[in-house]
Amino acid sequence: MYVMLLRVFSIFMVLLTCTSCDFFRLKKTSPLRVLDTVIDFSSVDTSPSFENCIDLIDKSEKTTCFRTTMHGHITTSLQSYPMQLPAAIEETITVTLLIDIYGKVSVQHIDTSDQLKEVQQVLDRAIRLSLAKIPPLFPALKRGIPVATQYQIPIEIRGNKK
């Protein structure tokens with residue numbers, strides 16, 4: 001009886017050892033392929049664009065059209081807001097905009113000098129109102145997928161003391 005138990009135990013151990021070995025494991029094939037490419041997330045394939053720029057094919061022409069349209073819209077809109085400047089000023093401020101995946105534009109940051117701190121709230125409100133009136137935008141694309149982008153726009157402030 002002892003010999004029989006020893007045989008059963010030995011067979012059990014051999015089966016356990018064989019089934020736990022990687023040698024007998026079946027290899028699974030995955031339908032997904034590993035791509036050996038590097039994606040540059042610091043640039044986009046297609047910049048954001050307005051309706052009048054959407055048909056342009058060349059990347060640089062499309063970017064130039066977007067910048068020209070954006071600058072023109074903001075310049076026209078800001079010129080309609082009267083501002084009382086504290087002194088004769090000729091400065092350039094930088095506005096950082098975020099264009100999200102839906103084409104919505106929002107102000108991220110406004111860099112102003114110490115001379116413009118007094119009118120910064122009025123300037124901030126004027127910029128936000130001009131962006132609220134902006135025509136619809138198409139977002140930037142990376143590999144055909146809409147992505148959020150940051151855009152910095154320089155704005156020249158010129159004025160005489162009133």
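## Exercises on a predicted protein chain

The structure holds 1 disulfide (a pair of cysteine sulfur atoms within 2.5 Å). This is a predicted model, in which local features need pLDDT of at least 70 and side-chain atom pairs count only at pLDDT 80 or more, while totals for chains, interfaces and linings use all residues. Residues are numbered from 1 along each chain as its sequence is written, and side-chain values use heavy atoms, with hydrogens and water left out.

**Exercise 1.** Identify the cysteines of the disulfide and describe their link.

*Solution.*
- Step 1. The partners are C53 and C65, with sulfur atoms 1.9 Å apart.
- Step 2. The link of C53 and C65 is left-handed, with -75° about the S-S bond.
- Step 3. This pair links distant parts of the chain: C53 lies in the loop between β1 (49-50) and α2 (59-79), and C65 lies in helix α2, 12 residues apart. Helices (H or I, at least four residues) and strands (E, at least two) are DSSP runs, numbered from the N terminus.
- Step 4. C53 and C65 are both buried, where buried means under 20% relative accessible area, exposed over 50% and partly exposed in between (1.4 Å probe, protein chains only).

**Exercise 2.** Determine how the secondary structure elements of the protein chain follow one another.

*Solution.*
- Step 1. The protein chain contains 3 helices and 7 strands.
- Step 2. Along the sequence, their pattern reads α-β-α-β-β-α-β-β-β-β.
- Step 3. Of the 162 residues, 28% count as buried.

**Exercise 3.** Characterise the aromatic pairs.

*Solution.*
- Step 1. Rings of Phe, Tyr and Trp (its six-membered ring) pair if their centres lie within 6.5 Å; planes under 30 degrees apart count as stacked, over 60 as edge-to-face and the rest as tilted. By this rule, the count is 2 aromatic pairs.
- Step 2. The ring centres of F50 and F66 are 5.6 Å apart and their planes stand at 20°, so this pair is stacked.
- Step 3. The stacked pair links distant parts of the chain, with F50 in strand β1 and F66 in helix α2, 16 residues apart. F50 is buried, at a relative accessible area of 2%, and F66 also counts as buried, at 2% relative accessibility.
- Step 4. F66 and Y151 form an edge-to-face pair, 5.1 Å centre to centre with 65° between the planes. Here too distant parts of the chain are linked: F66 in helix α2 and Y151 in strand β7 (residues 149-159) are 85 residues apart.
- Step 5. F50, F66 and Y151 form one aromatic cluster.

**Exercise 4.** Establish the strand order of the open sheet and the helices that pack on it.

*Solution.*
- Step 1. The open sheet has 3 strands in the order β3-β2-β7, with antiparallel pairing (two strands pair if DSSP finds at least two bridges between them).
- Step 2. β3 (105-111) and β7 stand at the edges with a single partner strand each, so one side of each is left without a neighbour in the sheet.
- Step 3. Strand β2 (residues 89-99) is joined to β7 by 11 bridges, and the two run antiparallel. T92 has E156 in β7 as its bridge partner.
- Step 4. Helix α2 packs on the sheet, touching β2 and β7, and its direction makes about 40° with that of β7. Contact means heavy atoms within 4.5 Å; axes are lines fitted to C-alpha atoms, for helices over the stretch in contact, and angles run from 0 to 180 degrees between N-to-C directions.
- Step 5. Helix α3 (residues 120-132) also packs on the sheet, touching β2, β3 and β7; the direction of α3 makes about 155° with that of β3.
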